[in-house]
Amino acid sequence: MQPGALSKALKGGAIWGFIVLQLIFFSIAGEFLALSDKAFMDYENMLLLLKQSAPIGIIAMGMTIVMVNGNIDLSVGATFAIAAIILLGSMDMLTGTLGDVMVIPVAWFLALAVGTLLGALNGLIVWKTGVDAFIVTLGAMLGYRGIVFMFNGENPTSHLNWTLVDYAEAQFLGLHTATWFLAGVTLVLWFVMTRTVHGRNAYAIGNNREAAVNAGIRVGPHMMINFAIIGFLAALSAVVFYSESGSVNPNDGQLYELWVITAVVLGGTRITGGAGSVIGTLGGVIAIQLLRKGLGHIGADTSTVNLVIGLILIAVLFLDRQLNVKGKEELKI
Amino acid sequence: MTDVKPVLRLEGIVKTFPGVRALDGLSFDVLPGEVHALMGENGAGKSTSMKVLGGIYQPDEGAIIMGDEQVVMNGPLEAKAKGIVFIHQELSLAEELSVAENIYLGELPRKSFGRVDWALLYERTDAILKKLKVGFNARTRVGDLSIANQQMVEIARALTVDAKAVIFDEPTASLTDAEKVVLFDVIADLQAEGVGIIYISHRMEEIFKITDRITVLRDGQYVGTVETKNTDEERVTQMMIGRKLDLSRNVSHHELGNVALEVRGLSCGKLYSDVSFEVRRGEVLGFYGLVGAGRTEIAETLFGLREPSAGQILLDGEEVRISSPADAIARGISLVPEDRKGQGLVLGMNCRDNMTLPQVDDLKAGPFMAEGAEVAIFDQYRDKLDIRTPGWKQRVGNLSGGNQQKIVIGKWLSMHPNVLIVDEPTRGIDVGSKSEIHKLLRGLAAQGYAVIVISSEMPEVLHVSDRIVAMYSGRVMRTFTSEEVTEDNLIQAISGLTDDRAA
Ligand SMILES: Nc1ncnc2c1ncn2[C@@H]1O[C@H](COP(=O)(O)OP(=O)(O)OP(=O)(O)O)[C@@H](O)[C@H]1O
Ligand SMILES: [Mg+2]
């Protein structure tokens with residue numbers, strides 16, 4: 001084996017190894033500590049876990065391509081909330097005229113269109129002003145959240161559409177609707193990033209922007225497309241989630257950006273761009289959800305869960321550095 | 001030659017940047033099938049003029065004429081579509097991507113739905129790589145290649161289209177001799193196909209070996225064009241810098257002091273083994289060998305960047321363990337690294353801050369930086385090294401390639417180390433500044449510093465060193481004094497041919 005091959009293999013498979021470790025740990029620890037006497041590795045429980053991963057997971061796929069491109073988007077949580085309000089609000093207003101069924105595609109379309117536009121707006125600003133994406137989307141995060149509060153003040157927006165609820169709760173081949181959406185989005189983004197010119201150029205830009213410019217790649221439009229994609233996916237995530245729950249609070253989606261970024265980084269995407277994969281991100285998303293659920297299973301409260309996830313994130317970044325140092329003769333930087 | 005129509009003609013090109021008139025009425029033409037050298041000091045405007053040709057910059061005034069008509073290049077892809085290929089001075093590659101993706105960067109072949117046509121991409125790339133006789137394939141990750149091979153990937157880009165003109169901006173700076181031969185073959189092939197070639201280099205021997213005509217720039221202005229066969233090094237130098245240079249070998253010796261640094265049986269895995277040498281105060285020790293002979297790795301070990309697997313390092317007679325660059329600096333060892341962009345500079349920072357970076361701890365006035373002292377240091381070395389910049393506030397990334405190198409050298413000289421190690425100090429530096437840097441290194445030795453110079457250029461080691469260590473694939477073959485060394489026995493030593501008389 002070549003030097004470095006081991007570390008590469010480790011890195012590629014690390015997140016999945018971590019997931020297996022967690023499964024073993026929680027199954028065993030659950031025997032002694034669990035509050036319920038249901039086994040952790042229960043089939044139903046695992047299906048539920050995948051379903052619960054979907055809202056974060058769908059957005060994380062978009063974050064992967066944005067981060068590989070060398071940017072970041074902090075506004076996804078707020079976009080998520082806006083899309084949810086558009087979805088439920090428009091159903092509330094239009095059900096009278098369009099009827100219970102016809103209102104669904106219209107409301108979905110409106111929510112997705114608004115999400116895409118908000119994302120594209122971020123991208124356009126980053127492109128045209130040259131301001132760092134971190135700053136632009138930090139502003140957007142505050143601004144978009146402000147818009148959410150303008151809709152309905154502190155009050156929740158609610159509307160239950162039973163046709164939709166039936167849809168959302170359906171299971172096809174065992175998997176929930178939300179899980180299917182996650183799987184579909186993962187597949188599409190995987191295709192975009194590994195098979196299309198746009199995806200490959202996104203890698204090139206994140207890797208060495210100057211080289212990309214020199215080669216005539218139009219950096220701005222690529223970035224804007226990626227921001228539009230993540231805006232669309234944030235809205236899609238809202239559409240999938242709120243079709244079932246039917247009620248959105250103006251604070252919903254807060255801290256989503258942090259969970260999403262954590263999942264993407266755990267999944268091996270480089271923070272500075274240029275490297276990363278959608279499959280790794282899927283691993284990161286599942287690992288986080290497992291951790292939340294598993295720690296809950298053995299009786300930890302939310303604050304402990306956050307602490308543990310934070311520590312693991314730091315440990316992962318540290319390990320990543322160590323694995324990259326291939327041997328003693330290697331340059332120490 | 002007058003009846004042949006040029007493939008490309010520049011007329012009165014002017015290009016200004018804030019504070020700099022980089023090109024001031026440049027005109028010259030390139031004929032089909034000729035190799036046209038572009039020469040000039042660092043910052044003369046060579047790269048800038050090529051970026052104008054390659055569509056990266058728009059000229060403020062002037063015209064580019066191809067064939068009979070005036071053309072406007074609105075971007076690199078447009079220039080490429082018109083048949084102008086530009087091989088950049090600095091590596092312009094995305095390391096995480098494959099060789100094939102890098103060679104076709106910006107114009108990956110497409111199928112329906114914006115998909116990449118991988119089959120076609122790999123097929124074309126493999127055909128090009130075969131021509132270049134390289135040891136890697138289309139799917140190799142570029143980041144896993146050596147710098148020299150990465151340069152070959154750059155060069156491969158010249159073969160992707162039916163080029164009318166190919167621009168090589170200092171392509172040989174990091175190539176080994178074997179790869180240089182391949183490059184010159186590629187150039188000869190292109191030439192035979194009637195492609196016009198613009199070749200930028202500071203290495204005179206290459207210029208006189210492969211070019212047909214030489215155009216010289218000075219401070220962005222056109223000085224003149226000469227036929228290579230009717231001129232010589234001295235006259236070209238005169239055109240470039242307006243004076244003659246002393247290119248003689250080093251004869252003067254300084255008073256030698258104590259042994260400042262001694263290395264005994266130093267090894268580092270497979271990189272090099274059983275290396276022993278010493279360097280005295282007042283002495284310049286040259287390390288000569290082919291790229292990859294292990295010289296840089298020795299320097300990195302001495303600077304605390306690598307852990308030796310065996311052997312001792314003695315500073316002033318005392319055995320030491322150098323655990324980190326900070327440790328090395330504290331002990332008075334400085335390294336001017338080979339890869340200036342990656343290791344020596346913060347491109348986004350201004351000139352002054354880059355130069356005083358290793359000294360920030362010493363330059364404090366209370367909790368604040370002593371601004372005045374920093375500027376003073378910068379001014380001193382700007383004059384000494386003739387660094388061309390509108391002022392210390394300029395971002396280093398905007399300087400010309402050679403001037404960036406000078407900032408790195410200034411940075412370490414301003415530290416006043418006991419042992420100064422310089423790795424390829426004049427790569428990409430023009431002949432005038434080259435001899436300034438050589439003088440400076442000799443001067444430092446005269447002041448009692450111990451200086452180690454690593455170089456792949458024979459005239460350079462011969463010129464600056466008191467003694468020369470010849471290396472071949474990780475081993476010291478022989479140590480010469482400047483009296484006994486000749487070009488022949490030096491070449492023998494670094495090619496691994498053992499000379500019987502040597503001992
Ligand atoms: N983007 C930029 N912004 C400001 N100044 C620039 C920029 N690019 C180049 N310059 C300036 O233009 C001048 C010409 O630079 P250029 O890179 O063309 O020199 P060069 O002849 O290629 O030198 P070298 O031999 O060192 O590569 C220099 O003074 C440089 O500082
Ligand atoms: Mg240049």
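**Interface, chains A and B**

I started at the seam between the two chains and counted eight residue pairs in polar contact between chain B and chain A, both partners at pLDDT 80 or more. On the chain B side that touches chain A, the elements giving two or more residues are helix H2 (76–81) and helix H11 (340–344). Worth keeping in mind: this is a predicted model.

Next I pulled the totals. I get 33 residues of chain B in contact with 29 residues of chain A. The buried area between the chains comes to about 2400 Å², with carbon and sulfur atoms giving 55% of it.

Then I looked for charge pairs. How many salt bridges does the rule find across the interface of chain B and chain A? It finds two. I noted down a salt bridge between A:Arg270 and B:Glu96, where the closest N and O atoms sit 2.3 Å apart.

**Helices in chain B**

I checked H5(B), residues 147–156, for cover. Nine of its ten residues are buried, so the helix is largely enclosed by the rest of the structure. Among the buried ones I listed B:Met152, B:Val153 and B:Ile155, but also B:Asn149, B:Gln150, B:Gln151 and B:Glu154. What do the buried residues of H5(B) pack against? I find strands E6 (84–87) and E7 (165–169), plus helices H3 (99–103), H4 (118–132) and H6 (177–192), all of chain B.

H9(B), residues 295–302, is mostly covered too, with seven of eight residues buried. The buried set includes B:Arg295 and B:Glu300 alongside B:Ile298 and B:Leu302. After H9(B) comes B:Gly304, and I read a positive phi there, near 80°.

**B:Tyr57**

I found this one in the loop between helix H1 (46–53) and strand E4 (61–66) of chain B. Its relative accessible area is 24%, so B:Tyr57 counts as partly exposed, buried being under 20%. Leaving aside neighbours within four places in sequence, I see B:Tyr57 in contact with B:Lys15, B:Phe17, B:Thr48, B:Lys51 and B:Val52. I also took the C-alpha to C-alpha distance to B:Ser276: 50 Å in space, with the two positions 219 residues apart in sequence numbering.

**Nonpolar patch, chain A**

Last stop was the surface of chain A. A:Trp16, A:Leu187, A:Trp190, A:Phe191 and A:Ile279 make a nonpolar surface patch of about 460 Å². Which element gives the patch its largest share? Helix H7 (residues 177–195) of chain A does, with three residues. A:Ile279 belongs to helix H12 (residues 278–297) of chain A, and I logged A:Ile279 as partly exposed because its relative accessibility is 39%.

Notes: Residues are numbered from 1 along each chain as its sequence is written. Chains are lettered from A and ligands numbered from 1 in the order in which they are written. This is a predicted model: local features need pLDDT of at least 70, side-chain atom pairs count only at pLDDT 80 or more; totals for chains, interfaces and linings use all residues. Side-chain values use heavy atoms; hydrogens and water are left out. Buried means under 20% relative accessible area, exposed over 50%, partly exposed in between (1.4 Å probe, protein chains only). Helices (H or I, at least four residues) and strands (E, at least two) are DSSP runs, numbered from the N terminus. Contact means heavy atoms within 4.5 Å. Patches are made of residues with over 30% relative accessible area and no salt bridge: like charges are joined within 9 Å, nonpolar side chains (Val, Leu, Ile, Met, Phe, Trp, Tyr) within 5 Å. Accessible areas come from the Shrake-Rupley method with a 1.4 Å probe; for residues, only the protein chains shown count as cover. A salt bridge is a side-chain nitrogen of Lys or Arg within 4 Å of a carboxyl oxygen of Asp or Glu. Buried area is the accessible area (1.4 Å probe) that two parts lose on being put together, summed over both. A polar contact is a pair of N or O atoms within 3.5 Å; within protein, one must be able to donate a hydrogen and the other to accept it, and residues adjacent in sequence count only if both atoms are side-chain atoms.
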